[in-house]
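Student: I have a protein structure open and would like to learn how to read it. Could we go through it together, step by step?

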Amino acid sequence: MRPSAPVTPGLVVVDKPAGITSHDVVARVRRLAGTRKVGHAGTLDPMATGVLVLGVDRATRLLGHLMLTEKAYAATVRLGVSTGTDDAEGEVSATPGAAGVDEQQVRDALTGFVGDIEQVPTAVSAIKVDGKRAYQRVRDGEQVELEARPVTIHELVVHDVRRSSVEGLEVLDADITMRCSSGTYVRAVARDAGALLGTGGHLTALRRTAVGPYDLAVARTLDDLAEEFAVLPLAVAARAAFPAADLDAQQARDVRVGRPLDLPLDTLTGVFDPDGEFLALYEPREGRARPVAVFVQG
């Protein structure tokens, strides 16, 4: 279903289903919006579900700034089995089992990742290695070794630990929720917890519950969007994601032509004209507020 009128620039927060790629979702939203100018603020694996933030029209320029924000997840970690992708879609690579591990050890191992850590991304990530995605190198049969990078896990809560048997192998499943910095791999947490416990580990379920201020409460399924396609207007989206500064008429005119402002800012800030229209993102630099991205023409 294509919209009957031009789509308002803004964000579309999708509740992605399992079994399709993020690029599949982008393609579907392009058809629904009637424009090819649709982008995403970070992908989700095909297995994963949940919040996928897309930008339509001019809002695509906002996405790069949103990609750096905090994210939240709910996941199930299976200890006792390792896979080549650190999730349930990969081939099993080792089956140490989890017979010798108790619930408290699992809780201690997982919550021990909270804080600033150095994390080696999963080999089947979208990180580029010499211009080629790591996952593509793995698919091509190459051995991929990625360097550790700093990430922050703000909170990791273990809600339940269950012991079960899978094809005669004793495993432990842990349901967790996690808040973390952009660039953190939940699959790598499962892998590393399994390595720490000597059991191996991978994810059997992953659901992203929030990207910055956008959570499942504002997310819509693709079926919902097919019934009624609507966007979160640019001004609403910007006020939710960034501190806001409301300008007078002269300041707004200056912003429209990209001039710096004598405006006290502490961080990246959205600036708005007297009528509430979102104009630009400004940041404090060299003693003044200077434009990072202007979203309106002069």
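Student: Which residues of helix 5 are buried?
Tutor: Keep in mind that this is a predicted model. To count as buried, a residue needs under 20% relative accessible area. In helix 5, the residues that qualify are Val186, Arg187, Ala188, Val189, Ala190, Arg191, Ala193 and Gly194.

Student: What do those buried residues of helix 5 pack against?
Tutor: Look for contacts, meaning heavy atoms within 4.5 Å. One partner is a helix, namely helix 3, and the others are strands. The list is helix 3, strand 4, strand 7 (115–119), strand 10, strand 11 and strand 12.

Student: How far apart are the end C-alpha atoms of helix 5, and what span should we expect?
Tutor: Helix 5 has twelve residues, and at 1.5 Å a residue the expected span is 16 Å. The model agrees with this, because the end C-alpha atoms are 17 Å apart.

Student: Which residue takes a positive phi just after helix 5?
Tutor: Step just past the end of helix 5 and check the backbone angle phi there. The value is about 75°, and the residue is glycine 198.

Student: Which residues have the most contacts inside the largest nonpolar core?
Tutor: In soluble globular proteins, nonpolar side chains tend to be buried together. Here the largest nonpolar core has 29 residues. Strand 4 (71–79), helix 3 (103–111), strand 10 (149–166), strand 11 (169–180), helix 5 (186–197) and strand 12 (201–211) each supply at least two residues of this core. Those with the most contacts inside it are Val106, Leu110, Ile153, Leu156, Leu203 and Leu206.

Student: What does valine 106 touch?
Tutor: Leave out residues up to four places away in sequence, so that chain neighbours do not count. The residues touched by valine 106 are then Leu79, Val101, Val161, Leu172, Ala174 and Leu197.

Student: Is leucine 206 buried or exposed?
Tutor: Leucine 206 is found in strand 12. Among the residues it touches are Met47, Tyr73 and Val186. Its relative accessibility is 10%, so leucine 206 counts as buried.

Student: How far apart are the C-alpha atoms of leucine 206 and arginine 187?
Tutor: Along the chain, leucine 206 and arginine 187 are 19 residues apart. In space, the separation between their C-alpha atoms is 8.8 Å.

Student: How many residues does the second, separate core have?
Tutor: This second core includes Leu66, Ala219, Phe272 and Phe295. Its total is 21 residues.

Student: Which residues do ring pairs link into a cluster?
Tutor: Start with phenylalanine 272 and phenylalanine 278, a tilted pair with 5.4 Å centre to centre and 45° between the planes. Next, phenylalanine 278 and phenylalanine 295 have ring centres 5.0 Å apart and planes at 35°, so this pair is tilted too. Together the pairs link Phe272, Phe278 and Phe295.

Student: How many residues apart in sequence are the parts tied together by phenylalanine 278 and phenylalanine 295?
Tutor: Phenylalanine 278 lies in strand 17 (residues 278–285), while phenylalanine 295 is in the segment after strand 18 (288–294). The pair therefore ties together parts whose distance in sequence is 17 residues.

Student: Where does the charged end of arginine 239 sit?
Tutor: A second arginine is worth viewing alongside: arginine 61 lies over the face of phenylalanine 295, at 5.0 Å from the ring centre. For arginine 239, the charged end is 3.9 Å from a ring centre. That ring belongs to phenylalanine 272.

Note on methods
Residues numbered from 1 in each chain as written. Predicted model: local features only at pLDDT ≥ 70, side-chain atom pairs only at ≥ 80, totals over all residues. Heavy atoms only, no water. Core = buried A, V, L, I, M, F, W, Y, C linked by side-chain atoms within 4.5 Å. Buried < 20%, exposed > 50% of the residue type's maximum accessible area, 1.4 Å probe, protein only. Helix = DSSP H or I, 4+ residues; strand = E, 2+ residues; numbered from the N terminus. Expected span 1.5 Å × (residues − 1). Phe/Tyr/Trp six-rings, centres within 6.5 Å; stacked < 30°, edge-to-face > 60°. Lys NZ or Arg CZ within 6 Å of the ring centre and 35° of its normal.
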